[in-house]
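User: Pick one part of this protein and give me a close look at it, down to the side chains. After that, walk me through a few other spots so I can place it in the whole chain.

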Amino acid sequence: MHEWHPTLSQLQDDDLLSLLRIRQFELALLELFSQGKLHGTTHTSLGQEYIPVALNPLFEENDFLFSNHRGHGHYLARYADLTGLLAEIMGREGAICQGLGGSQHLYREQQYLSTGVQGEALPVACGVALHLKRAKQGAMAVVYIGDGTWGEGTTYEALNIARLWQLPLLVIVENNQIAQSTPRHQQMAGTIEGRTRAFDVNFLRVVSDDINLIRSAIAPHIQSLRTTCLPLVIEFETYRLGPHSKGDDTRDEATLQQLQQNDWQIRYQQQFPDQSLRCTEIARQQVEAVIADVEQRPLLQVASVVEGRP
């Protein structure tokens, strides 16, 4: 298990609030699910929030982001749209996709798509990257995947064609060491770096959860991708605090306790208690206000949505 450095650099309030909104939002989702107010499923990114928050300022308006089943943090880091996302998950008015996408399948015309199917986004992103290369020079397609996605053949087909065609494709690997309930050492031979470099694709590994350090280290690599149109894979060695979905965690208690102790939020609170308490309260109040608002909205009627009736 990776040992995180105990100290973190201080964040601007905007970054910390973005982190804490995601954390408070997903904790609230789990509570709402336990109350029977959510349907379907939901996969939280608790512990991994720092990745999309660190990356977001490095993305541009024309970049197209592809997310996955564990994508609340990706969406909220880019749009800060608590209301639209919660309305979508609860199937109420104001939902991003009229309540048809739920927690996993989201689409926004401003360059965002998520899917719950492992590996599906990569070949689609190659097509989008080809379009961007031709029509919007400097823009890129960004795909968030996990270590489990490397068990899908589409991953390798996409890397192969992206390198052959020199596509502006950025693959973000959130390697949380476990694919649903299977530890990485039981399902992956070799390394993600080795598999990436086999296709002559550029590779970068990030072992820090310090947002300021991450941005400064990654920024020149992303700029190079925009200029050269050569694909890039960035592997984040990270951790997932919660279960795969809601209650299917097979990890032992000692492992879970160690992850909790290493959580970025705990360490940041210890270093910057005043800022942490102030911003946590702001984020908590924002999430509570959104929940109160969305819960009062009418439920969407599926038949009306499908048939296009008001």
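**A close look at helix 3**

Analyst: Let's start with a helix pair: helix 3 (residues 72-79) packs against helix 4 (residues 82-90) at an angle of about 150°, and their axes are 9 Å apart. Keep in mind that this is a predicted model. On the helix 3 side, the residues that meet helix 4 are H72, Y75 and L76, and their partners over there are L82, L85 and I89. Sort the residues of that contact by type and you get five nonpolar, one polar and no charged. As for spacing, an α-helix has 3.6 residues a turn, so residues three or four places apart point the same way.

Helix 3 is mostly covered, with eight of its eight residues buried. The list runs H72, G73, H74, Y75, L76, A77, R78 and Y79, so you'll find an arginine and two histidines on it. What comes next is A80, which has a positive phi, near 55°.

Now for the wider setting. The protein has 310 residues, and 53% of them count as buried. Its secondary structure comes to 13 helices and nine strands. Among contacts with a separation of 6 or more, 76% join residues 24 or more positions apart.

Then there's the nonpolar interior. The largest core has 61 residues, with L170, I218 and F236 making the most contacts inside it. Helix 1 (residues 13-34) supplies the largest share of this core, nine residues. A second, separate core holds 26 residues, including C126, A141, L169 and F203. Back to L170: leaving out neighbours within four places in sequence, its contacts are F59, M140, A141, V142, V143, I222, L225, L232 and I234.

Two polar side chains are worth a stop. S114 sits in strand 3 (residues 112-114), and it counts as buried because its relative accessibility is 4%, with the cut-off set at under 20%. A polar atom of the S114 side chain lies 2.6 Å from the backbone oxygen of Q104. Not counting residues up to four places away in sequence, S114 touches S67, N68, Q104, H105 and L106.

The other one is E237, in strand 9 (residues 232-237). At 17% relative accessibility, E237 counts as buried too. Its side chain makes a polar contact with the side chain of R205, at 3.4 Å. E237 also illustrates how the chain folds back: N175 is 62 residues apart from it in sequence, yet the two C-alpha atoms are 5.1 Å apart in space.

For an exposed spot, try A198, in the loop between helix 8 (192-197) and strand 8 (202-206). It is exposed, with a relative accessible area of 63%. The C-alpha atoms of A198 and Y156 are 9.8 Å apart, with their positions 42 residues apart along the chain.

Finally, how far can you lean on the coordinates? Mean pLDDT for the protein is 89, and 89% of its residues reach 70 or more. Among the elements, helix 12 (residues 273-295) has the highest mean, 98, and strand 6 (residues 178-179) the lowest, 58. Where pLDDT is low, the predicted coordinates should not be read in detail.

Conventions: Residues numbered from 1 in each chain as written. Predicted model: local features only at pLDDT ≥ 70, side-chain atom pairs only at ≥ 80, totals over all residues. Heavy atoms only, no water. Core = buried A, V, L, I, M, F, W, Y, C linked by side-chain atoms within 4.5 Å. Buried < 20%, exposed > 50% of the residue type's maximum accessible area, 1.4 Å probe, protein only. Helix = DSSP H or I, 4+ residues; strand = E, 2+ residues; numbered from the N terminus. Contact = heavy atoms within 4.5 Å. Axes fitted to C-alpha atoms, helices over the stretch in contact; angles between N-to-C directions. Nonpolar A, V, L, I, M, F, W, Y, C, P; charged D, E, K, R; others polar. Polar contact = N/O pair within 3.5 Å; in protein donor to acceptor, adjacent residues only side chain to side chain. pLDDT = per-residue confidence, 0-100.
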